[in-house]
Amino acid sequence: FFFNDTATTEIYTEQIVGSVRCVQETDLGAMKTARQLMRLGKFMVETPKIVSLYRNYQQKNKYARLSLLISRISYAVYWLLDNIFVLCEVQFLKFKTHKIKLFQYNIWFIGILSSLLYHIFLLNASYKKESDLKITCQNKLTPHQAIKTLHSYSRERFDIMLNIIRNTCDLHVASHYTGITTKVFKTRYNDGVVGMLGLVSTIVSAYHMANKKNVPR
């Protein structure tokens with residue numbers, strides 16, 4: 001549920017394209033830089049969302065909102081670093097790009113982990129609502145209303161579970177690029193594994209785009 005899927009898609013595309021050798025490296029680099037230039041200032045899009053979450057995060061589902069707030073801040077920083085990186089690539093700024101990219105991947109990891117926690121909190125809240133519904137049914141709801149409400153909860157949990165799967169796939173890739181897999185498991189994913197995880201994540205993203213109104217926020 002990293003709302004900015006272009007970052008994830010770009011990483012996966014680079015791995016897949018590189019593994020099948022269908023585009024020359026120079027062409028791939030030029031296209032990547034062009035896309036990054038078009039995203040200059042994108043981090044500012046996150047600002048009003050962050051402000052809104054900060055003002056309201058102490059309402060119900062406090063910990064879920066806090067997780068979402070951390071995720072949004074992480075993505076804002078991610079896009080800011082992405083802008084700095086591309087400005088270095090075109091030699092407008094002069095910083096050590098490899099350090100920027102590593103920091104960017106670490107921020108990405110934090111954002112995905114926070115998003116994963118957010119959806120786990122949502123899943124727990126959904127089960128609690130279903131449990132509370134049993135008490136409400138005895139007093140207020142008709143059987144038809146109860147079945148309809150239960151169906152909506154079931155649909156909500158399905159979307160949440162899909163987001164958990166997507167975040168889990170992205171988290172594995174982020175841990176790969178930050179070097180966590182090397183340090184903890186003494187191994188690295190190959191391009192095929194990264195591409196497959198990306199395929200699953202992209203399919204989930206496409207499904208949610210097609211059913212946007214049903215995606216839990």
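This briefing walks through a few helices, one residue at a helix start, and a nonpolar surface patch. The model is predicted, so local features need pLDDT of at least 70 and side-chain atom pairs count only at pLDDT 80 or more, while totals for chains, interfaces and linings use all residues. Residues are numbered from 1 along each chain as its sequence is written, and side-chain values use heavy atoms, with hydrogens and water left out.

**Thr 97**
- Thr 97 sits in helix H5, residues 97-139 (helices are DSSP runs of H or I, at least four residues, numbered from the N terminus).
- Thr 97 is partly exposed because its relative accessibility is 23% (buried means under 20%, exposed over 50%, partly exposed in between, with a 1.4 Å probe and protein chains only).
- Beyond its neighbours within four places in sequence, Thr 97 has contacts with Phe 85, Cys 88 and Glu 89 (contact means heavy atoms within 4.5 Å).
- Val 86 is 11 residues from Thr 97 in sequence, and their C-alpha atoms are 8.9 Å apart.

**The nonpolar patch**
- Tyr 63, Leu 66, Ile 70, Ile 110, Leu 113, Leu 117, Ile 120 and Phe 121 make a nonpolar surface patch of about 670 Å² (its members have over 30% relative accessible area and no salt bridge, that is, no side-chain nitrogen of Lys or Arg within 4 Å of a carboxyl oxygen of Asp or Glu; nonpolar side chains are joined within 5 Å; areas come from the Shrake-Rupley method with a 1.4 Å probe).
- Helix H4 (62-89) and H5 each supply at least two of the patch residues, and H5 gives the largest share, five residues.
- Ile 120, in helix H5, is partly exposed, with a relative accessible area of 42%.

Methods. Patch = residues over 30% accessible without salt bridge, like charges linked within 9 Å, V, L, I, M, F, W, Y side chains within 5 Å.
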